[in-house]
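Thanks, everyone. I have one chain to go through today, and I will keep to its overall make-up and its sheet. Here it is on the screen.

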Amino acid sequence: MKSLYKNKNELYQFWKKEALNRSTKHTIIDTILKQSKDGIPKIRSIKEVASSFSISTRTVICILQHARFSIANNLSIDVSSKALRKRGREAILLDPEKVRNIPLCCRTNIRSMSMAWGMEKSTLHRRVKEGAIRSHSNAIKPELIAENMKSRLHFCLSMIDPGTISTNPMFMDTYNHMHIDGKLFFMTKTSEKFYLLPEENDPLCTCKSKKFITKLMFIAVVARPRYDGSSNEEFFGKIGIFPFIYNKPAKRRSKNREVGTLQIKPITSVTKKVIRVFLINNLLPAIQAKRPKSDTRKQIFIQQDNVKPHIHANDVEFLEAASKDGFGIQLSFQPPNSPDLNVLELGFFRAIQSLQHQEAPKNIDELVTAIEKSFDEFPVEKLNHVFFDFANVHDRGYESKWEQQL
């Protein structure tokens, strides 16, 4: 029988396209051999078999050629599909011990790791795509000494409800805990990424010095949002975000303003005195105006970090102002070297900063407006999620009231 295929590659591609299982191929061979005369198959029988199995006549001829070759060479008839056989060179296996012996300093990128391993970069890249090697971004964490660890443990234990310690320890809802922290917001980033059309020109961003980009200090205060039994929002949790600015009249006339026009200027030196005035004149009125009415008689704890400008928890002037009108507000400090125990540092500031850069402010006025707008537009649901990350109740192994109230 004359072959209809010019070379082996064409035959392999045809087998790969119309691969059949072994039992079907054996059935095709037996059917045609029964209808053949003196071992020569009939064209009519080939067409009938091809029609009954919904395949082409070329596929049937290919199966017969394969079987005839096996019989002529005294071999068992093997009609297994060539498409299922592995082809190409063998993959270079990964030796885990050899990878572990490579220093971490030589595993920062594919180029350095391939040189230390003695392997091609393309091969190493394939192992990464296959999942045999994973990429990891490592961030520097604060170093904790023994005293820091004790403070963190004491802080976490103080969050447990005293009435549940003997039976089933659960964390307090911490609805009366507020988090306060400061953050420097910059007018722009030193490097920005854009998506442009091929014919668009590259944008030009200029600044006199990258070391002196305009920046402004803000202090934000948030509490945990509250929901009723029907998941309706009762308290959105965002107390406020306040810039450290002051108004200064312009000394000279320009094309943009007249002499004496009030201009917003940033407070460059934030001291304890400035913090105290801010807390008394801005924070306390905001808490009294936005806190739920059900917490009028409850003690409020304002958690702050340990930077030097923050006032002491027993500051006389602050306690005197905080105790007016029947309010009970107390300052507290988070454990040292523990930014992960502050909701604002966990992810709130990062989200606010991302929203602020989308506004592209050009001056101090626009920067203040962009920060306040980003603070107001931040979803309350995401703020509640950040509080759950702060609690980390799943890793601690306790069933919390926070989970029961969701």
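I'll start with the surface: about 27300 Å² of the chain is accessible, and carbon and sulfur atoms account for 52% of that. Please keep in mind that this is a predicted model. The chain has 406 residues, 34% of which are buried. As for secondary structure, the chain holds 15 helices and nine strands. If we take contacts between residues at least 6 apart in sequence, 65% of them join residues at least 24 apart.

Now the sheet. In what order do its five strands lie? Reading across, we have β5-β2-β1-β8-β9; the sheet is open and the pairing is mixed. The edge strands are β5, residues 238-243, and β9, residues 328-333. Each of these has a single partner strand, so one of its sides has no neighbour in the sheet. From one strand to the next, the twist averages 25°.

Let me go to one pair inside that order. Strand β1, residues 177-186, runs antiparallel to β2, residues 215-223, and nine bridges join the two. To pick out one position, leucine 184 has methionine 217 in β2 as its bridge partner.

Next, which helices go with these strands? Helix α9, residues 272-290, packs on the sheet and touches β1, β2, β5, β8 and β9. The direction of α9 makes about 150° with that of β5. Then there is helix α11, residues 343-357, which lies across β1 and β2. Relative to β1, α11 runs at about 40°.

That is what I have on this chain. Questions, please.

Conventions: Residues numbered from 1 in each chain as written. Predicted model: local features only at pLDDT ≥ 70, side-chain atom pairs only at ≥ 80, totals over all residues. Heavy atoms only, no water. Helix = DSSP H or I, 4+ residues; strand = E, 2+ residues; numbered from the N terminus. Buried < 20%, exposed > 50% of the residue type's maximum accessible area, 1.4 Å probe, protein only. Contact = heavy atoms within 4.5 Å. Areas by Shrake-Rupley, 256 points an atom, 1.4 Å probe, with all protein chains shown as cover. Pairing = 2+ DSSP bridges. Axes fitted to C-alpha atoms, helices over the stretch in contact; angles between N-to-C directions.
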